[in-house]
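Subject: A structure for you to look at

Hi,

Here is the structure I promised to pass on. Have it open while you read, and I'll walk you through what turned up.

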Amino acid sequence: MAQVEVQVNGQPYLVACEDGQEARLAELAQVIDAEVRDLVRHVGQVGQARLLLMTCLQAMDELIRLRDELDTRRTGSTEDAMADQLEQMAQRLEAIAGSGNQT
């Protein structure tokens with residue numbers, strides 16, 4: 001198991017990860033650090049724990065918003081596809097019914 005030292009808001013943290021995941025972990029820590037530093041610009045230094053909590057809440061809010069948006073798109077796509085299929089079936093039934101009346 002590998003260990004990576006990352007910095008968030010100037011504070012070093014030693015974090016374990018699976019071998020080969022060091023670069024990904026460092027990248028994630030950089031994103032978190034940027035978010036924390038952005039919060040510091042807006043709310044000031046309110047304590048490391050509070051800053052990390054606020055960052056996690058913002059990230060989770062974004063994740064849930066994106067998940068809900070994806071669910072809405074999937075549902076909308078499914079409903080659109082079903083409506084298209086029903087329309088096609090109705091057209092076929094009308095064509096069948098029309099061809100039967102001509103006899």
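Which residues make a nonpolar surface patch of about 260 Å²? The patch is made by Met60, Leu63 and Ile64. Try clicking on Leu63, which you'll find in helix α2. Leu63 has a relative accessible area of 51%, so it counts as exposed, the cut-off being over 50%.

Before going further, please keep in mind that this is a predicted model.

Helix α2 is worth a longer look. It covers residues 48-101, and Asp84 has its place there. Asp84 is also part of a negative surface patch, which it forms together with Glu79, Asp80, Glu87 and Glu94.

Now for the inside. The largest nonpolar core has 6 residues in all: Ala2, Val4, Val6, Cys17, Leu25 and Ala29. Two elements, β1 and α1 (22-43), each supply at least two residues of this core. It is β1 that gives the most, with 3 residues.

Next, the charged pairs. How many salt bridges does the structure hold? There are 7 of them. The general idea is simple: side chains of opposite charge can pair when their charged atoms come close. Here are some to click through:

- Arg41 and Asp38: their side chains meet in a salt bridge, at 3.3 Å from N to O. These two are 3 residues apart in helix α1, so about one helical turn separates them. Arg41 counts as exposed because its relative accessibility is 62%, while Asp38, at 31%, counts as partly exposed.
- Glu69 and Arg65: the closest N and O atoms of this salt bridge are 3.2 Å apart. Both residues sit in helix α2, and being 4 residues apart there means that about one helical turn lies between them. Glu69 is partly exposed at 32% relative accessibility, and Arg65 is partly exposed at 40%.
- Arg67 and Asp68: this salt bridge has its closest N and O atoms 3.7 Å apart. Arg67 has a relative accessible area of 48%, which makes it partly exposed. Asp68 is partly exposed too, at 37% relative accessibility.

Some of the salt bridges also link up. Glu62, Arg65, Glu69 and Arg73 are joined into one network by salt bridges that share partners. So if you have already found the pair of Glu69 and Arg65, you have a way into that network, because both residues belong to it.

Here is an oddity to look for. Most residues other than glycine have a negative phi. Asn9 is not a glycine, yet its phi is positive, at about 55°. Where is Asn9 found? Look in the loop between β1 (2-8) and β2 (11-17). And is Asn9 buried or exposed? Asn9 is buried: its relative accessible area is 14%, and the cut-off for buried is under 20%.

One last stop, in strand β2, where Ala16 lies. Ala16 has a relative accessible area of 43%, so it is partly exposed. How far apart in space are Ala16 and Arg50, C-alpha to C-alpha? The distance is 23 Å, and in sequence the two are 34 residues apart. You could draw that distance in your viewer as a bit of practice.

If you'd like an order for your own tour, try the surface patch of Met60, Leu63 and Ile64, then the core that includes Val4 and Leu25, and finish at Asn9 with its positive phi.

Have fun with it, and write back when you've had a look!

Cheers

Methods. Residues are numbered from 1 along each chain as its sequence is written. This is a predicted model: local features need pLDDT of at least 70, side-chain atom pairs count only at pLDDT 80 or more; totals for chains, interfaces and linings use all residues. Side-chain values use heavy atoms; hydrogens and water are left out. Patches are made of residues with over 30% relative accessible area and no salt bridge: like charges are joined within 9 Å, nonpolar side chains (Val, Leu, Ile, Met, Phe, Trp, Tyr) within 5 Å. Accessible areas come from the Shrake-Rupley method with a 1.4 Å probe; for residues, only the protein chains shown count as cover. A salt bridge is a side-chain nitrogen of Lys or Arg within 4 Å of a carboxyl oxygen of Asp or Glu. Lys and Arg count as positive and Asp and Glu as negative; His and the chain ends are not counted. The place of a charge is taken as NZ of Lys, CZ of Arg, CG of Asp or CD of Glu. Buried means under 20% relative accessible area, exposed over 50%, partly exposed in between (1.4 Å probe, protein chains only). A nonpolar core is a set of buried Ala, Val, Leu, Ile, Met, Phe, Trp, Tyr and Cys residues joined through side-chain atoms within 4.5 Å.
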